[in-house]
Amino acid sequence: MISVGPRRKDTQCRAFVKKIIMGQPYKILLISTISYNAFLMALWTNHKISSRLFRVFELSEITFISIYSAEFYMKLYVDPIDYWKDGYNLLDVIIIIILTIPYTIRKIEGPHHSYLHFADGIQSLRILKLITYSRGIRTLITAVGQTVYTVASVLTLLFILMYIFAVLGFCLFGVPDNGDQTNWGNLAVAFFTLFSLATVDGWTDLQEQLDNRNFAMSRAFTIFFILLASFIFLSMFVGVMIIHTEDSIKKFERELMLERHVTLMEEKQVILKRQQEEVSRLMQTQKDSDHKSFSELVENFKSTLLHTDPMVLDDFGTSLPFIDVYFSTLDNQDATICKLQELYYEIVHVLGLMLEDFPQKKQEESLEENDDEN
């Protein structure tokens, strides 16, 4: 037997809270709150403004924490189990914990604790709550998540390449006698130098320092590494990101189209249901009224209709293929009518010529009859 868990008895209250959370006004309120919070944090970085409006910032901070906590409790009340399965909900929990860190440090350790500045700095992470309410940003994050394995493979290959060239550069240019100890003196420094070459940041200065020490292989070494690291591996990294981003955007567009189709079908079903109820009501009215027939009732109903009333039709005649065939048939009928019209014009013209010739032939016949009598 399948065991069924206990059912909640607050179904109506839960549905009401869920309706509030999923509603558009609630989302607009949260987005406005997060944006206003970010704006106040930008003002807080100015020491003169923060000292002058200290009480305003303190009250605003309490308000923001209250709103974020209320959102957490409302979502947890609606679905206490599945709430923890969503990564964005976990992000909201982490942000709420971050919000309470400075207050906790001030109350326990005092206002001059060494880590208090760091705790205040990470408060900027609260703007990440906007991700939850932006499907576009979530699509990009999904694309980044899908590229983790491929990007890790590319970065591993780049690390192997840098390791090989770091050892090679240390052996060629990091010799103790006349070598470049600043840039190639050990493996760690060589890695940092190669990173600068891979990003093509200041590589001319690095090459100039090698040229000043007359290293014969330095230019070939630099050019070969830049070609491999910058033009191949980094371009491969960007290409992987673009491909997965395009796939995620296409998937996002398909989901939007599916949602629009579902919404359209729901509206269509509502309209059909309303029309069926109206017809049923008309049928009942016809039974209870003095109408002679249903046709008379329909005629009276048609007189109340407006051209703006929605009408859903499931007939074959409303399908797009039928409409295309119907339009092509109308075009053929127009062409046939034009040809018939031209034919009628020719018939009328010939009849007109015949009428013009008719009096002349009649006169010639009368002259011939007079000649025969004489």
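This report covers model confidence, the packing of two helices and the setting of one serine in a predicted model.

## Confidence

The protein has a mean pLDDT of 79, and 83% of its residues reach 70 or more. Over residues 1–5 the pLDDT is below 50, and in the model this stretch has zero contacts beyond near neighbours in sequence.

## Packing of helix 1 and helix 4

Two packed helices are described by the angle between their axes and the distance between the axes. For helix 1 (residues 11–22) and helix 4 (residues 54–78), the angle is about 130° and the axes lie 9 Å apart. Helix 1 is therefore oblique to helix 4, because an angle of about 130° falls outside the ranges for roughly parallel (under 35 degrees), roughly perpendicular (65 to 115) and roughly antiparallel (over 145). The crossing of these two helices is left-handed.

On the helix 1 side, the contact is made by Cys-13, Arg-14, Val-17, Lys-18, Ile-20 and Ile-21. Helix 4 contributes Met-74, Lys-75, Tyr-77 and Val-78. Sorted by class, the contact of helix 1 with helix 4 has seven nonpolar residues, three charged residues and no polar ones.

## Ser-196

Ser-196 is found in helix 10, which spans residues 187–198. Its relative accessibility is 15%, so Ser-196 counts as buried, the cut-off being under 20%.

Leaving aside residues up to four places away in sequence, Ser-196 touches Asp-201 and Leu-206.

Terms used
Residues numbered from 1 in each chain as written. Predicted model: local features only at pLDDT ≥ 70, side-chain atom pairs only at ≥ 80, totals over all residues. Heavy atoms only, no water. Helix = DSSP H or I, 4+ residues; strand = E, 2+ residues; numbered from the N terminus. Buried < 20%, exposed > 50% of the residue type's maximum accessible area, 1.4 Å probe, protein only. Contact = heavy atoms within 4.5 Å. pLDDT = per-residue confidence, 0-100. Axes fitted to C-alpha atoms, helices over the stretch in contact; angles between N-to-C directions. Left-handed = near helix turned anticlockwise from the far one by under 90°. Nonpolar A, V, L, I, M, F, W, Y, C, P; charged D, E, K, R; others polar.
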